[in-house]
Structure formats: C-alpha cells, structure tokens
Amino acid sequence: MAPYSERPDRARGVSARRLLTGALLALGLALPGAALAAESAAVTSQRVTATLLSSRDTVAPGEHFHVALTQKLAPHWHTYWLNPGDSGEPTQIQWDLPAGAKAGDIAWPAPRAIRVEPLVNFGFEGEVLLPVEITVPADARPGETFSLKANATWLVCEKICIPEEGSFTLDLAVGAASAVDEAAQQRIDAALAALPKPAGFRGRLSADGDNLALALPGLPAGASDLRFFPISDTLIEHAADQPMKAGDVPGLTLTRSSAFKLEQPDISGVLTFRQDGVPRALTLVADADPALVSKAAETGSNAPRPAVVRIPVPAEGADLTLLAALAFAFAGGLILNLMPCVLPVLFIKALGFAQTAHRSRTETREQGLIFLCGVLLTFLVLAGAVIALSALGGSVGWGFQLQSPLLVIALAVVMVLIGLNLIGAFEIGGAVVGLGDGLASRGGRLGAFMTGVLAVVVATPCTAPFMGAAMGYAVTQPPALALSVFMALALGFALPVVALSFAPGLLRLLPKPGRWMLVLKQAFAFPMFATAIWLIWVASVQTGPQGVLAALVAVLAAGFVVWLVGVTRGSLPRRAFGTVLAVLVALGAGWFTVENAVPGTNAEARAGDIQAWSPERVATLQGQGKPVFVNFTAAWCITCLANERVALSRQEVKDAFARLGVTYLKADWTNRDSRIAQALAEQGRAGVPLYLFYPARKDGQAEILPQLLTPDAVIAAAERAAGRDKTAANTP
C-alpha cells in the first residue's frame, strides 16, 4: 500500500515544480520588458540609432526628472551642436506631454570641431546623450500613466547629409513615490556631469588688428588645446585656427567672421581645453569692447551671412538683469523716436497739439494719453506674438514680422500712402489714421489712438541703440518678464509725445498755425517715400525680381483705390460703383501680390546664371541640344558648400560652362521638397550632394559626378556632356 500512499505526494511535487517553472519562465519573460521600461523603442537607420531614455520607471506627482535623447552614430557620421558651425542644423525635439507637464530645453554637451575641408562644423560623433528636464504635474494621480511623446529631427552627415526624424513614446507609471531606473540614471547622470561647467571668470573680447582677441584672465594653469565655440554664428570664422596667446593674461586669437555682427555688449559660448591631460569644458561669457560693438553695427550689418541655422542665446548665458533690461528698453524706445520713419508721424502729432493747445489744454492732454494707449496696445500685440512664437520653438524678436515678404510689401504700401497723404494727394480724416489736415485741425480721440498705433507700425523696420540687448533678454525670459521689457520700450517710445501734451510751455514756443505747418507736413512725405524704397529693396532680397513687381503692383493698386474712393463720393449709386470697383481692384492686386511675393513659388527664379531645377526644365533643355548641369544641394550640407567654394564658384568653371553652353540648374533641398526627394531616390541617393551632367541630346542619361569635386573634374564632365573632350576641343 505504500506505493499508493506516495503517489499524491509525488503528484503534488510535480505540480509544484511545474508551477515554479512557469513562474520562473514568466519572470524571465517579464525581466527584459522591465529592463527596457525606461527606454523607448529604437528608431534605427544605417547611420543613427536613437532612443528616448528615462531616469525613472515610476514618477511621483510634481517630480522633476531627466530624460535624454540618445544618438548612437555610425563611424565617421556626426550630428550637430546648437551652433552647427560653417553648415548644418541642430537636433530639435517637439514634445507632446500630458496636461500640466513641462519639458525644459536641451542641455547641450560640449561640441567637437569636425573638419570637412575647407569647412569646420561643431557637433558630435560616436554616442551622444541630449538631456532634457521633465516636470510631472502636481495633480497627477497614482495609478495613472504618464505618457511622454516626442518627435525629434536631426541632420546626420558624412560625405553626404541626410535629414532624419523619429517619434518616441515612453509610458511611465505614476506612483506615490518615484522609482529610479539605476542603469538609465547612471547614464544620464554621467551626461549631466560632463556638461560644460560655468566659468568662474568673465572673458574680454577686443579687436586685434583684423582679428579678435579673447582674453581669459581666470584660465586654469596648465590649460592646453584651447578651443572656443561661440553661440553666435556671426562672430568668428569657424574653420580658422585659434592660436593661444601667453602672458600675464592668457587668451586666444580668433579670426573675425566675414559676416561679423555683434549687437550685444557680451558674447557667450563654450571653452574646451585640456588640464593635466583631462578634457574640460566651461560655459564662458565675455564682455565685448564697446568700440567693437559699434564698429560691428556700422560695417557688419550688410555682410553676407554664412549658411547656418541661427540659434538664440540661452537664458543661462545672458547675465543682463531685469532692471538693466528695463532701462535699456526704455532708453531704446526714446531713441527710436529719432528714426527717420518715425519722426514724421510724431511731428505731425506735435503739429496737431500746436493747433489744439490754443483752444483747449485739457483736450491736448487727453489726446496725449490716448496716443499712449495706442502705443501700449500695439506693443502688447507685438509682445504677445514674440512670446507665442518663442514658446513654439521659434527665434524671434523686434521686427520679426519683416521676415514675411507679404508684410514687408504691406508696410511699403502704408509708407507710400502716408507720403501721398502728407503731400496732399488725398486726405484721410483723423478718425482713420490721425494724419494730415484732419489731424492738424480736428484731431479726435480715435485719431490720437490710431496715430499711436501707426507710430509703432512704422517703427518696426528700425532698431535703436540699447534695444538689441533688451530684446535679447526678453525673448529668453518667462512671459511676465518679457512683457515688462516690451512695456518699458513702449513707455520710452511714447514719452516725448505724452510729455509734450502735458507741457504747454513747450507748445507755446511753436509759432501759431499757418502756412509753415503745411510746408513742413509736405516735407515729411519724403522720409516716408525713402522708407518705402528701402522696404521694396528688402522684398527684392527675399523674393527676387518678382517680389519687386508684386510690391509695385500693390502700391499702384493702393493709390488707385484711395483715389477712386475720393472721386466717387456723392450720390449712393456713385459710391456703390466706386466701392465695388475698389474691392475688385484690391482683391486682384492682393492675389497677384500673394502669388509673387512668396519665396520658392516662382519656378523660373534665377540667381545669377543659375536657374531653378525641375524635370520638365531638364527635358526642355536637352531637347534644345544643350548640356545641363544639375546641382542637388542644401544650405545645411557641408560637402555642398565645400564643393561650391573649391570648384563650382571658380572662374575657370564658369568660363567653361559659358564656352560649352552649359545650363546650370540648382535643386535646393534646404526646405523639404517631395520632387527633389523623388529625384534623389531615382538616382539611388538618400541625401545631398548629388551632381548630374546631362548630355546635349534628347533623353540622354545623366553622368553622376563624384561627391567631392575639383575644377578639372567638373570641366572634364562638361566637355563630355557637350560632346567634346579636351583633346577634341583642342583639335582645329
């Protein structure tokens, strides 16, 4: 009977072993998932493997913790720092977070100087972690899921440059207490510990002949292999050597950029060096010689800019205090009144005060305060736009709206209309814009308010001293502080007119109203016309000849509309006819302007002898028996810019193209274009540069040139495309 009595125990043992095995198996399957809970799924290409790494498996309400975008790069490939150097584009992250959660800015590691002759770029090779601080909302509830979603874009380059992107998701549990992922925390802590440390001293930047001298009075003893990486992309030539200067105060000699421009009294960047063989990095702020700043404003503003992405100075690099920023903004607003585009409007308002002061001092003061309200409200709108665009990741400041060709043209039209009004071509009552005889003789509350609005509008093309530093501070601050800086600028701007309205003694110094007011008013029309000419030139730079045509058509239509409204006054049928015709003219001119004032909408736009690429254009030229050279390029492409410098822009290449009748087409991939992407794919390429030479015969197959060009190689390819090689070309 014993065997029978042992069977239940044996059965129970087998069941226990099976249960234990199943539990171990389940645990084994769960452990990999637990190990990866703090890291997103990888986005992988042949060049980059990217993930989103979290230092927490579980987060607590109100907690601050770090995540990091990790990029593991294939050998010889690199991505970019926030100032990419001679070319490139920095990595960017767009976050989609739960309500109340916040993501900070990328904490940038110290970059390396990556040389791609003849250029130098600032970026990263190997593996790089880009930490970002995340704030969990205080009202998050334990048991919920805290979902982190991010879309990242980056440019990865070797001999070609390829824009890549990835979407990452991390679902973290919310608990009463946080749970640290030790492995991830160690990696992120190491990245944070390696970030550049604040320097315990301030540098000094001064002119050194044609170069710049960067004095480093607190540089540690024994420092070697120094390199300064500026935040600004218009300070130095990135590819130039930076020899160290010994002496009582060590420093670096920097080569001034051909696009040198310094608008603030200090500069910031990262200083890398070795101390006792150990690499170190410091965040450095250097005071600029005031003479250097003023010289930059006089001589550097019109210099050509390098093809780089402009990056705003981070808040931690700007040491301007709030009180100093407010003082700078107020002073800048005062000086802004002296700008030629603003002065005529303010003088017309002063003439209106001279008229009303002889009748009612109370009315004059009231109009001054209403003018102040118009100025403050308009500045408030501008400040709101700047703050909103900055929050969306833009880099904006004073005059940001002038980046739009349509707004530039609209402002030019306003200037022309003001000028025509001032010389008496037509009259606009004070209730519309507060200018002209209507203002001088009648004024009006709405006229005073709209004069304040108009004064700010016409001031936007101008930048006064002190404004650069104040606006640079404002765009890096929280909304409340930024708004206070803009309001200080508005108060300084409005002060002269408001003070004049409350100073009857000053008004009595003006002669009594008479013919002199009309003559002076007409004279003020010409600064308005000059400003309109300048704005139309700005539009030509932005959009080419088509933009000039659009601006002139808009000016013509605006003048016709105001004339038409004036001559059709009277009976109701006449007014109705004039109104309908004016609306039709305005709509037609508006459509024409929009169609022709947008960069890239004109497929026939030319830059010198270079034409815009399209497959149809290639086919047409080949059908005409012309050899065609196509340059697939982008402003952020290192090799593209290098080839343009060392080969395509050389005079011997231009002469060969002219001699052989080669048509040069450019396919610009700076902004993403599906047709260009398709053409690259058809040639087996995923990125630029790509150089194609089409022979001078219909349907001839293109020759693909090497990715690194020389003048001789381009000329030889041109000879082959034209049906002549060098020996044939020399045969009589």
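User: How many aromatic pairs does the structure hold?

Analyst: The model is predicted, and the pairs come from the computed positions of its rings. A pair of aromatic rings is described by the distance of the centres and the angle of the planes. Rings count as paired if their centres lie within 6.5 Å. The number of aromatic pairs in the structure is 15.

User: Is the aromatic pair of Phe629 and Tyr691 stacked or edge-to-face?

Analyst: The centres of Phe629 and Tyr691 are 6.2 Å apart, with 5° between the planes. Planes under 30 degrees apart count as stacked and those over 60 as edge-to-face. The pair of Phe629 and Tyr691 is therefore, under the 30 degrees limit, stacked.

User: How many residues apart are Phe629 and Tyr691?

Analyst: Phe629 belongs to strand S24 (residues 628–633) and Tyr691 to strand S26 (residues 690–694), so the pair, with strands taken as DSSP runs, links distant parts of the chain. Phe629 and Tyr691 are both buried. Their separation along the chain is 62 residues.

User: What is the angle between the planes of Phe657 and Tyr664?

Analyst: Phe657 and Tyr664 are both buried. Their rings form an edge-to-face pair, 6.1 Å centre to centre. Ring pairs join these two residues with Phe629, Tyr691 and Phe693 in a cluster. The angle between the planes of Phe657 and Tyr664 is 75°.

User: Over the ring of which residue does the charged end of Arg47 sit?

Analyst: A charge counts as sitting over a ring if, among other criteria, it is within 6 Å of the ring centre. The charged end of Arg47 is 5.9 Å from the centre of the ring in question. Elsewhere, the charged end of Arg227 sits over the ring of Phe229, 6.0 Å from its centre. For Arg47, the ring belongs to Trp77.

User: Which strand supplies the largest share of the largest nonpolar core?

Analyst: This core has 41 residues, and Phe65, Trp81, Phe146 and Leu148 touch the most other members. Strands that each supply at least two residues include S2 (48–54), S4 (64–73), S11 (145–157) and S12 (161–174). Phe146 touches, among others, Phe65, Ile134, Val136 and Leu172. The largest share is six residues, and the strand that supplies it is S11.

User: Is Ser40 buried or exposed?

Analyst: Ser40 lies in the loop between helix H1 (2–35) and strand S1 (43–44). Beyond its sequence neighbours, Ser40 touches Thr51, Leu52, Phe168, Thr169 and Leu170. Because its relative accessible area is 7%, under the 20% limit, Ser40 is buried.

User: Which strands are the edge strands of the open sheet in the order S5-S9-S8?

Analyst: The three strands pair in the antiparallel sense, and the twist averages 50° from one strand to the next. S8 and S9 are joined by five bridges, with Ile114 opposite Asn121 in S9. Each edge strand pairs on one side only, and these strands are S5 and S8 (112–116).

User: Which residue in the turn of the S18 and S19 hairpin has a positive phi?

Analyst: Strand S18 (residues 244–245) pairs with S19 in the antiparallel sense over two bridges, and Lys245 stands opposite Gly251. Strand S16 (residues 211–215) also pairs with S19, over four bridges, and Ala215 stands opposite Gly251. The hairpin of S18 and S19 has five residues between its strands, and the residue in the turn with a positive phi, about 135°, is Gly247.

Notes: Residues are numbered from 1 along each chain as its sequence is written. This is a predicted model: local features need pLDDT of at least 70, side-chain atom pairs count only at pLDDT 80 or more; totals for chains, interfaces and linings use all residues. Side-chain values use heavy atoms; hydrogens and water are left out. Two strands pair if DSSP finds at least two bridges between them. Rings of Phe, Tyr and Trp (its six-membered ring) pair if their centres lie within 6.5 Å; planes under 30 degrees apart count as stacked, over 60 as edge-to-face and the rest as tilted. Buried means under 20% relative accessible area, exposed over 50%, partly exposed in between (1.4 Å probe, protein chains only). A charge sits over a ring if NZ of Lys or CZ of Arg is within 6 Å of the ring centre and within 35 degrees of the ring normal. A nonpolar core is a set of buried Ala, Val, Leu, Ile, Met, Phe, Trp, Tyr and Cys residues joined through side-chain atoms within 4.5 Å. Contact means heavy atoms within 4.5 Å. Axes are lines fitted to C-alpha atoms, for helices over the stretch in contact, and angles run from 0 to 180 degrees between N-to-C directions. Lists of a residue's contacts leave out its neighbours within four places in sequence.
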